[in-house]
Amino acid sequence: MKKRWLGIMGAVLLSAAIGGLAGAEESRAETAETVWNTGETATVTKGQFKFYAYLSSEGDQSWVYKVTGKQKKVKSPKKLVFPKKINGAAVTKVGSATTDDFTKSIFDVWVEHAHDADGYTPLLEKISEMTLPDTVTEIVNSAFSGMHALTSVKIPDKVEVLPGSVFYGSKNLKKLQLPKNLKEIDIYSGFDDCPKLSVITLSQKNPNFSVKNKMLLSKDKKKLVWVLPAKKKVTVPDTVEEIGENSFLRSQVTEVKLGKNVSILPSMCLNSKKVKKITLDKKNKSLAKDGQCIYHREDNSFAVGIAKNKKLVISSKITKITEDYSICGVRLSKAQGGAGLLKRLDIPASVTQLGANWIRPFDADKVYFHNPTPPQLDKEGMEEGYAQLPVFCEIYVPKESLQAYRDWYEAEDLDDTIDEEDWHTF
């Protein structure tokens with residue numbers, strides 16, 4: 001199978017504190033991380049489970065990094081209750097300690113979200129209840145992935161971040177109590193394949209988020225953060241100005257009505273296979289709809305496309321396509337960051353400008369360019385390692401423009417990505 005895009009992502013965080021002795025000591029106290037003694041493991045058996053933990057250098061905290069079942073044939077457990085302390089040290093961290101490029105669940109099973117490996121193991125077959133001690137402050141990536149039978153869970157209030165793949169594959173999860181101190185939540189993979197999740201609760205004292213009509217919103221209700229997977233129809237509140245990235249990803253939603261103040265639609269904010277219909281409040285002055293598309297009135301740029309039969313025709317009222325758009329109605333590829341798997345994409349003659357990374361969210365077998373002149377390609381913000389034009393697919397162009405489009409590809413050093421037999425004219 002040919003790869004369509006390659007990408008390299010990296011981030012470096014550098015911080016420094018300069019000041020007097022008292023100020024420096026205060027800074028260190030605020031940013032100091034717990035030092036774990038990973039050379040020794042403490043264990044404790046509770047019920048039918050054995051918990052493995054590292055202790056902090058001070059001996060006051062414990063990190064449960066692995067959970068196993070008893071090595072004897074017993075009835076599959078239905079409850080998983082974490083100990084509050086191990087060797088007298090409060091449990092403050094849970095999740096695997098692996099440092100590999102891929103992650104493991106706390107049950108010591110590999111998790112690979114991009115290839116549908118959620119870490120399920122027979123140990124988890126009937127665990128429908130899980131209790132975490134209120135001393136927990138940190139949950140590691142993929143910690144509880146693969147818990148297919150889990151139906152409800154309460155996250156301790158001191159937890160601030162719910163990371164990627166944390167409950168990936170919890171197919172029967174229906175109720176989730178979010179922590180009072182929640183600051184960040186991974187919507188992309190944290191709750192992927194949790195189709196029954198229909199109820200979330202959150203303390204009104206949380207300073208960052210609020211819950212309304214089975215939706216997670218920012219505290220000021222100006223941003224829609226997440227629509228619960230089990231919800232079928234969504235009316236975006238009039239307070240909302242922005243739809244957050246991945247808010248609808250892999251949800252069960254089929255119909256969406258955007259409120260009168262929605263104006264900010266970043267890349268992949270409405271991506272969803274099951275969304276078939278999107279309407280706009282008549283008072284919305286920022287967005288317009290034509291055919292299968294929603295676009296920004298201000299600059300006629302593409303915002304949302306709703307595919308039909310895996311085909312998408314861009315509206316002729318659209319003149320610009322950047323990377324900030326969403327695709328609905330088609331299966332989304334995890335390996336390519338949520339790209340839509342289209343059979344055909346039609347780009348009208350009205351489109352004269354393409355953003356630097358415009359093609360990445362698309363993934364089409366056939367691409368039709370209807371403009372006799374290749375659109376202008378904006379290279380500002382171009383990401384290294386990504387093709388800026390459709391590659392490894394079939395390209396259709398006006399008969400008189402074949403050479404112009406070939407030259408366009410050659411100028412971008414992409415002429416060898418389209419085989420001779422894959423160039424077509426109409």
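This is a short talk on a predicted model of one protein chain, covering its overall make-up, its salt bridges, its charged patches, one helix and a few backbone details.

Some bookkeeping first. Residues are numbered from 1 along each chain as its sequence is written, and side-chain values use heavy atoms, with hydrogens and water left out. As this is a predicted model, local features need pLDDT of at least 70 and side-chain atom pairs count only at pLDDT 80 or more, while totals for chains, interfaces and linings use all residues.

Overall make-up. The protein chain has 2 helices and 36 strands. Here helices (H or I, at least four residues) and strands (E, at least two) are DSSP runs, numbered from the N terminus. Taken along the principal axes, the C-alpha atoms fill a box of roughly 80 × 60 × 45 Å. Of the 426 residues in the chain, 49% are buried. Buried means under 20% relative accessible area, exposed means over 50%, and partly exposed lies in between, with a 1.4 Å probe and protein chains only. The areas themselves come from the Shrake-Rupley method with a 1.4 Å probe, and for residues only the protein chains shown count as cover.

One buried residue as an example is Leu124, in the loop between β8 (110–111) and β9 (129–131). Leu124 counts as buried because its relative accessibility is 0%. For a sense of distance, the C-alpha atoms of Leu124 and Ile321 are separated by 46 Å, and the two residues are 197 apart along the chain.

Next, salt bridges. How many does a search of the whole structure find? The result is 9 salt bridges. The criterion is a side-chain nitrogen of Lys or Arg within 4 Å of a carboxyl oxygen of Asp or Glu. I will go through three.

In one of them, the side chains of Lys183 and Glu160 meet at 3.6 Å, N to O. This pair links distant parts of the chain, 23 residues apart: Lys183 is in the loop between β13 (175–177) and β14 (184–185), and Glu160 is in the loop between β11 (152–154) and β12 (161–162). Lys183 is partly exposed because its relative accessibility is 48%, and Glu160 is partly exposed at 33%.

Another pairs Asp193 with Lys171, at 2.4 Å, N to O. Again the pair links distant parts of the chain, 22 residues apart, with Asp193 in the loop between β14 and β15 (199–201) and Lys171 in the loop between β12 and β13. Asp193 counts as partly exposed at 29% relative accessibility, and Lys171 counts as partly exposed at 31%.

The last of my three joins Arg406 and Glu420, at 2.7 Å, N to O. Arg406 sits in helix α2 and Glu420 in the loop between α2 and β36 (423–425), 14 residues apart. Arg406 is partly exposed at 22% relative accessibility, whereas Glu420, with a relative accessible area of 54%, is exposed.

That brings us to helix α2, residues 402–411. Which of its residues are buried? They are Tyr405, Trp408 and Tyr409. These residues are on the same side of α2 because they cover an arc of only 95 degrees around the axis, the arc being that of the directions from the helix axis to the C-beta atoms. On the other side of α2, Gln403, Glu410 and Ala411 are exposed.

Glu410 also belongs to a negative surface patch, together with Asp407, Asp413, Asp415 and Asp416. Patches are made of residues with over 30% relative accessible area and no salt bridge, with like charges joined within 9 Å. Lys and Arg count as positive and Asp and Glu as negative; His and the chain ends are not counted. A charge is placed at NZ of Lys, CZ of Arg, CG of Asp or CD of Glu. Asp415 is in the loop between α2 and β36 and counts as partly exposed at 38% relative accessibility.

There is also a positive surface patch, formed by Lys232, Lys273, Lys274, Lys276, Lys310, Lys311, Arg331, Lys343 and Lys366. Lys343 lies in strand β31, residues 342–347. At 45% relative accessibility, Lys343 is partly exposed.

Finally, the backbone. Most residues other than glycine have a negative phi. Asn213 has a positive phi, near 50 degrees, and is found in the loop between β16 (209–212) and β17 (215–218). Phe392 is not a glycine either, and has a positive phi of about 50 degrees. Phe392 is in the loop between β34 (376–377) and β35 (394–397), and is partly exposed with a relative accessible area of 33%.

Definitions and conventions: Patch = residues over 30% accessible without salt bridge, like charges linked within 9 Å, V, L, I, M, F, W, Y side chains within 5 Å.
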